[in-house]
Amino acid sequence: MLFRCRDKSLEIGKRTYIMGILNMTPDSFSDGGKYNNLEEGIKRALQMIEEGADIIDVGGESTRPGHTPVEEEEELRRVIPVIERLSKISDVIISVDTMKSGVALRALEAGAHIVNDVWGLQRDPKMAEIVAKYNAGVIMMHNSNVAEYEDVVKDIIKFLEKSIEIGEKAGIDRSNMIVDPGIGFGKTLDHNLEVMNRLEELKVLGLPVLLGTSRKSMIGKVLNLDVDDRVEGTAATVAVGIVKGVDIVRVHDVKQMYRVAKMTDAMVRK
């Protein structure tokens, strides 16, 4: 199976791919403010590529609980310069982490290959058609404003089936789609742990699966650790995710998680 994103592609199943997180924000839960200027952002992106990142996910609006919404123009100001520069100096796959179709459009014009939508094409009605127009990849994440479920994994699958339907109606090919169960989004600790335990059930969708657990509150609550001290907990989730069929992991600590993924792949991928 190939995942396609414009002129790039990844062979799914060959190994676990690493998506490095580049938050061009002052208020992201983990690294807000560290890389929120162009030079620091590019420096960090190149460092993550050197450490093993296959994809750089550039975000200009924090999606942490209680975040302050960002106007579209400000989000564009944060992400477009780094996408333009990175696309010129590297052949890495670039993803834009946004829920706004206007930002997705400008990012694709600037050289991005993937749109990472935390609302799975279900919030902005123009998002799917923009992805289709550019033959871009799309990551469709499950999200909810209310953490209430009959069966959390089955409900995630129903949500993602709707996202797939929206994408296909807009003209997005299935080979351009990735699904993400949305760990930490609209879910309690118990929900998150149950999703981790049942990740293999997402394979019923027939698409590559991305897992984003890096430094999240699930780890902090279980281990009673601050956000900057969760690398081992993240490593545990990455390893379990790979065993259960995850294809891409979205992480802050690229060097360490590249090693975790490579070791886990050596044991479970034939």
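E232 counts as exposed, because its relative accessibility is 54% and the cut-off for exposed is over 50%. The model is predicted. E232 is found in helix α8, which covers residues 231-243. On the surface, E232 gathers with D226, D228 and D229 in a patch of negative charge.

From this patch, turn to the paired charges. The structure holds 17 salt bridges. Among them is the pair of E61 and K100. Their closest N and O atoms are 2.7 Å apart. This pair links distant parts of the chain, 39 residues apart. E61 sits in the loop between β4 (55-59) and α2 (72-89). K100 sits in the loop between β5 (93-97) and α3 (101-110). Are these two residues buried or exposed? E61 is buried, because its relative accessible area is 8% and buried means under 20%. K100 has a relative accessible area of 16%, so K100 is buried too.

Next comes D151. D151 forms a salt bridge with R198, with 3.2 Å between the closest N and O atoms. D151 lies in the loop between β7 (137-141) and α5 (152-170), and R198 lies in the loop between α6 (189-197) and β9 (210-211), so the salt bridge ties together parts that are 47 residues apart in sequence. The partners fall into separate burial classes. D151 is partly exposed, because its relative accessible area is 22%. R198 is buried, because its value is 14%. Which residues join D151 and R198 in a network of salt bridges? They are E194 and E201.

Another pair also brings loops together. The side chains of K203 and D247 meet in a salt bridge, at 3.0 Å from N to O. K203 lies in the loop between α6 and β9, while D247 lies in the loop between α8 and β10 (248-251), so this pair ties together parts that are 44 residues apart in sequence. K203 counts as partly exposed, because its relative accessibility is 36%. D247 has a relative accessibility of 4%, so D247 counts as buried.

Now put the loops side by side. The loop between α6 and β9 holds R198, and K203 lies there as well. R198 pairs with D151, whereas K203 pairs with D247. The loop of D247 brings the tour back to α8, the helix where E232 is found.

Key: Residues are numbered from 1 along each chain as its sequence is written. This is a predicted model: local features need pLDDT of at least 70, side-chain atom pairs count only at pLDDT 80 or more; totals for chains, interfaces and linings use all residues. Side-chain values use heavy atoms; hydrogens and water are left out. Patches are made of residues with over 30% relative accessible area and no salt bridge: like charges are joined within 9 Å, nonpolar side chains (Val, Leu, Ile, Met, Phe, Trp, Tyr) within 5 Å. Accessible areas come from the Shrake-Rupley method with a 1.4 Å probe; for residues, only the protein chains shown count as cover. A salt bridge is a side-chain nitrogen of Lys or Arg within 4 Å of a carboxyl oxygen of Asp or Glu. Lys and Arg count as positive and Asp and Glu as negative; His and the chain ends are not counted. The place of a charge is taken as NZ of Lys, CZ of Arg, CG of Asp or CD of Glu. Helices (H or I, at least four residues) and strands (E, at least two) are DSSP runs, numbered from the N terminus. Buried means under 20% relative accessible area, exposed over 50%, partly exposed in between (1.4 Å probe, protein chains only).
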